[in-house]
Amino acid sequence: MVRDGRLGVGIIGAGRVGPVIGAALGGAGHAIVGITSGSDDERASAVLPEVPVLDALEVVRRAELVILAVPTDQLASLVAGIAEVGGWQIGQLVLHTDPAHGTDVLRPAAERGAIPLAVHPAITFTGTSIDLRQLQAGFAAVTAPAPVLPIAQALAVEMGCEPIVIAEEDRPAYADAIQAATEFSRSIIGQSTARLREIGVENPGGYLSALVQSTVERALREASDPPPLI
């Protein structure tokens, strides 16, 4: 269905994630039919030029696939609010990108006939076209009901990622792992660059770049399964 058909894709959330996901799916041959206004409309328009800016209900009305790329604390209320006004359509694909949730958060949409999908690309988004290259080298956590799991996996592939299935009940643990990796890395680098700056090292971020990248790459190799031979 997804591979052979050209879907009309609507995006709710114009922060760093939504426009990039839209650009990736647009590059895979789908049509981006609209996006909501967000925190940086200028950046979003640079990634998705000429895509109409619409309100959320109009995005849902026009789209066969709705991408929900909003903060965690807004997701449940957004889905329920659209359901309350009869926005979701039977057979419509509804995909969110939040690491902390599976498809249960999409229940109000599913109860009205929509198809719930959860796909979290495991990269740190900048909100620019640079992310499209990162997606090509990344993985995505995929959660969906068994009958439609292949659709979620196919969409992850079309975003550029290798899909990894995460069970609904394992989503909280998955989110904890993602948060630990990102926040700990950022915190440690912040502490190290501050120390170097204090002793007069210019451009401490640049100074640590090769060291940090090589250290992280070694740690990832050592954590790989099976372990590398060298």
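1. In this predicted model, helix 1 is followed by Gly29, a residue whose phi is positive, near 110°. The helix itself, spanning residues 18-27, is mostly covered, with eight of its 10 residues buried. Those buried residues of helix 1 are Gly18, Pro19, Val20, Ile21, Gly22, Ala23, Ala24 and Leu25.

2. Turning to the nonpolar interior, the largest nonpolar core comprises 36 residues, and Leu65 and Leu117 are the ones with the most contacts inside it. Helix 7, which covers residues 149-159, gives the most to this core, contributing six residues. Apart from that core lies another, of 19 residues, which includes Val70, Val79, Val94 and Ala109. As background, nonpolar side chains in soluble globular proteins tend to be buried together.

3. Leu117 deserves a separate entry. Once its neighbours within four places in sequence are left aside, Leu117 is in contact with Leu93, Val94, Leu95, His96, Thr103, Leu106, Thr143, Ala144, Val148, Ile151, Ala152 and Leu155. Among these partners, Thr143 is found in strand 6, at residues 139-143, and is taken up in the next point.

4. Is Thr143 buried or exposed? Thr143 has a relative accessible area of 4%, which is under the 20% cut-off, and therefore counts as buried. Its side chain reaches the backbone oxygen of Ile166 at 2.6 Å, and a polar contact of 2.9 Å also joins the side chains of Thr143 and Arg171. Beyond its neighbours within four places in sequence, Thr143 is in contact with Gly102, Thr103, Leu117, Ala118, Ile166, Ala167, Glu168 and Arg171.

5. Leu68, in strand 3 (residues 65-68), has a relative accessibility of 1% and so counts as buried, the cut-off being under 20%. Leaving aside neighbours within four places in sequence, the residues in contact with Leu68 are Ile12, Leu75, Leu78, Val79, Trp88, Val94, Leu95, His96, Thr97 and Leu106. As for a longer separation in sequence, Leu68 and Arg107 are 39 residues apart along the chain, and their C-alpha atoms are separated by 14 Å.

6. On the annotation, the UniProt record, an unreviewed entry, places the feature "domain: DUF2520" at residues 140-222. In the model, the span of residues 140-222 is 70% helix and 10% strand, and its end C-alpha atoms lie 21 Å apart.

Terms used:
Residues numbered from 1 in each chain as written. Predicted model: local features only at pLDDT ≥ 70, side-chain atom pairs only at ≥ 80, totals over all residues. Heavy atoms only, no water. Helix = DSSP H or I, 4+ residues; strand = E, 2+ residues; numbered from the N terminus. Buried < 20%, exposed > 50% of the residue type's maximum accessible area, 1.4 Å probe, protein only. Polar contact = N/O pair within 3.5 Å; in protein donor to acceptor, adjacent residues only side chain to side chain. Contact = heavy atoms within 4.5 Å. UniProt positions renumbered as here; feature names shortened; annotations may be inferred. Core = buried A, V, L, I, M, F, W, Y, C linked by side-chain atoms within 4.5 Å.
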